[in-house]
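Thanks for sharing this one. Could you open the model and keep it beside you while reading these notes?

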Amino acid sequence: MILQYIEKALSLAHYEIIDDEDPFYGEVPGLNGVWACAKTLEECRLELEQVVEDWILYSIANKLPIHPLDGLTIKVPELLPQAS
């Protein structure tokens, strides 16, 4: 489920060339704070893939909502309380 979400995010990503030391910029619309910059387009894509994965894991760890992408969602099951 997470892999499909990452693949969908990358398929929706927008890339552009900016006036910067790392001129290739990419972002995923709808995922706030998910962006990357790099010297080449392929490096930017790889960095963006890692950022999406980190964003998902951070969201899960902090019980934050994960924005659906073209109807694709990540459902995190509720954990049962641990016995003391």
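The points below take up the salt bridges, a pocket, a surface patch and one aromatic residue.

1. Please keep in mind that this is a predicted model. The salt bridges come to three, and each gets a few words here.

2. Lys 8 and Asp 70 join their side chains in a salt bridge, at 3.7 Å from N to O. This pair connects distant parts of the chain, 62 residues apart: Lys 8 belongs to helix 1, and Asp 70 to the segment after helix 2 (41–61). Lys 8 is partly exposed at 27% relative accessible area, while Asp 70 is exposed at 60%.

3. Asp 22 pairs with Lys 39, their closest N and O atoms being 3.3 Å apart. Lys 39 sits in the loop between strand 3 (35–38) and helix 2, and Asp 22 in the loop between strand 1 (14–17) and strand 2, so this salt bridge ties together parts 17 residues apart in sequence.

4. Within helix 2, Arg 45 and Glu 49 are four residues apart, about one turn of the helix. Their salt bridge has its closest N and O atoms 4.0 Å apart.

5. Do look at the largest pocket, with a volume of about 250 Å³. Eleven residues line this pocket, and Ile 60, Lys 63, Val 76, Pro 77 and Glu 78 lie nearest its centre. The lining has eight nonpolar, one polar and two charged residues.

6. On the surface, Met 1, Ile 2 and Leu 57 make a nonpolar patch of about 260 Å². Met 1 itself lies in the segment before helix 1 (2–12).

7. Lastly, Phe 24 in strand 2 (residues 24–27) is partly exposed, because its relative accessible area is 21% and buried means under 20%.

How values were computed. Residues numbered from 1 in each chain as written. Predicted model: local features only at pLDDT ≥ 70, side-chain atom pairs only at ≥ 80, totals over all residues. Heavy atoms only, no water. Patch = residues over 30% accessible without salt bridge, like charges linked within 9 Å, V, L, I, M, F, W, Y side chains within 5 Å. Areas by Shrake-Rupley, 256 points an atom, 1.4 Å probe, with all protein chains shown as cover. Helix = DSSP H or I, 4+ residues; strand = E, 2+ residues; numbered from the N terminus. 1 Å grid on protein atoms, 1.4 Å probe; cavity = no way out; pocket = protein on both sides within 12 Å on 5 of 7 lines; lining within 4 Å. Points joined across faces, edges and corners; volume = space filled by probe spheres on them. Nonpolar A, V, L, I, M, F, W, Y, C, P; charged D, E, K, R; others polar. Buried < 20%, exposed > 50% of the residue type's maximum accessible area, 1.4 Å probe, protein only.
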